Amino acid sequence: MKLIKHLANLGYGSRKEVQRLIRTGAVTDLEGRKLDETKLPPHETILVKGQLLDAPAPLTIVVNKPDGYTCSTKDPGITVYDLLPPRFELRNPVLSTVGRLDKDTTGLLLMTDDGQLLHKLISPKTVMRKVYHVTLDRKIEGHEAELFASGTLMLRTEETPLLPATMEVLGEKEALLTLTEGRYHQVRRMFAAAGNHVVALRRIAIGGFALPEDVEEGEWRAMTADELGLLWK
Ligand code: URA
């Protein structure tokens, strides 16, 4: 039962389907010997159809989000869950996105099944730096950095001013923007308030964790314990 439950929680199928997998010999040890469904050997010694198992919970992954993918599970269109193996949708606990990126924002997205971590990361009490690479439609005029740093910028429909944000100019139409909060469409609305228009937006870091170079656009991997620590730096 233990092995069945473990595999079912990892999304390898319903309990019945997993039981069938085990009974037909698709679940083996590292030597290819059929496993007994009543026992649970160490996770890293179990193979399904010759492949090592996905990482168990708690799992936090880094995704390099492409343009055009939504972060919602309910969206009928293409979502970030389509970047993961289909069995991930059956995992228990399931992976949730840590906050959201707009459909047309690219770059660093975290997903986790660790409820406590998720809560800590998205809590309004947590001060977490998020760095965005912004490409603009019009030239930067020079007043933007001061406006964003002022702590007095009010976006339409908001009741409180934005916390100070840091802008570093990279080029005529390019900047890095560092925020410590995450309001709806915040970066796009900030530049709209400054009279400009964001044409491309890419998140490149959260806390001290930068989007790793080995995770290509559209790809993902598990985060290491060291990388998780960097989030708080
Ligand atoms: N700000 C935005 O406008 N969009 C995002 O996706 C993230 C931050």
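Okay, one definition to start: when I say helix or strand, I mean a DSSP run, H or I over at least four residues for a helix and E over at least two for a strand, numbered from the N terminus. With that in hand, take Thr-224, which sits in the loop between strand 12, residues 220–222, and helix 6, residues 225–230. I'll come back to that one. Before going on, please remember that we're looking at a predicted model.

So, the overall picture. The chain has 6 helices and 12 strands, and its C-alpha trace spans about 70 × 30 × 30 Å along the principal axes. Of the 233 residues, 45% are buried.

Now the pockets. Rolling a probe the size of a water molecule over the atoms shows where empty space is left. The largest pocket comes out at a volume of about 800 Å³. Which residues are closest to its centre? There are 33 residues in the lining, and the closest to the centre are Gly-99, Arg-100, Lys-130, Gly-182 and Arg-183. Going by elements, two or more lining residues come from each of strand 6 (105–112), helix 3 (115–122), strand 7 (130–136), helix 5 (186–193) and strand 10 (198–206). Strand 10 gives the largest share, with 3 residues.

What about the chemistry of that lining? Its residues split into 16 nonpolar, 10 polar and 7 charged. And if you think in domains, at least three lining residues come from each of domain 2, which is 60–124 plus 209–230, and domain 3, which is 130–206.

There's a second largest pocket too, holding about 200 Å³ of space. Its lining includes Cys-71, Thr-73, Tyr-81, Asp-82 and Glu-89, and also Gly-99 and Arg-100. You heard those last two names a minute ago, as they're among the residues closest to the centre of the largest pocket. By class, the lining of the second largest pocket has 4 nonpolar, 5 polar and 3 charged residues.

Since Arg-100 keeps turning up, back to Thr-224. How far apart in space are the C-alpha atoms of Thr-224 and Arg-100? They're separated by 22 Å, with the two positions 124 residues apart along the chain. And is Thr-224 buried or exposed? Well, a bit of both: its relative accessibility is 40%, so it counts as partly exposed, given that buried means under 20% and exposed means over 50%.

On to the rings. The count comes to 2 aromatic pairs. One of them is Phe-148 with Phe-191, an edge-to-face pair at 5.0 Å centre to centre, with 80° between the planes. That pair links distant parts of the chain: Phe-148 is in helix 4, residues 144–149, and Phe-191 is in helix 5, 43 residues apart. Both Phe-148 and Phe-191 are buried.

We also have charges sitting over rings. Arg-91 lies over the face of Phe-88, 5.2 Å from the ring centre. Then Lys-120 has its charged end over the ring of Trp-232, at 4.7 Å from the centre.

Next, the backbone. Most residues other than glycine have a negative phi, and most peptide bonds are trans. So here's what caught my eye. The peptide bond from Ala-57 to Pro-58 is cis, omega near -5°, and Pro-58 is in the loop between strand 3 (51–52) and strand 4 (60–65). A cis peptide bond also joins Asn-92 and Pro-93, with omega about 0°; Pro-93 is in the loop between strand 4 and strand 5, residues 96–97.

As for positive phi, Lys-49 has a value near 50°. Lys-49 is in the loop between strand 2 (47–48) and strand 3, and it counts as exposed because its relative accessibility is 64%, past the 50% cut-off. His-185 also has a phi near 50°, in the loop between strand 9 (174–179) and helix 5. At 29% relative accessible area, though, His-185 is partly exposed.

Last stop, the N-terminal end. Leu-10 is in the loop between helix 1 (2–9) and helix 2 (15–23). That's a loop residue, but with a relative accessibility of 3%, Leu-10 counts as buried. Which distance separates Leu-10 and Ala-55 in space? It's 8.4 Å, C-alpha to C-alpha, for two residues 45 apart in sequence.

That's my tour, thanks everyone.

Note on methods
Residues numbered from 1 in each chain as written. Predicted model: local features only at pLDDT ≥ 70, side-chain atom pairs only at ≥ 80, totals over all residues. Heavy atoms only, no water. 1 Å grid on protein atoms, 1.4 Å probe; cavity = no way out; pocket = protein on both sides within 12 Å on 5 of 7 lines; lining within 4 Å. Points joined across faces, edges and corners; volume = space filled by probe spheres on them. Nonpolar A, V, L, I, M, F, W, Y, C, P; charged D, E, K, R; others polar. Domains from an automatic or database assignment. Phe/Tyr/Trp six-rings, centres within 6.5 Å; stacked < 30°, edge-to-face > 60°. Buried < 20%, exposed > 50% of the residue type's maximum accessible area, 1.4 Å probe, protein only. Lys NZ or Arg CZ within 6 Å of the ring centre and 35° of its normal.
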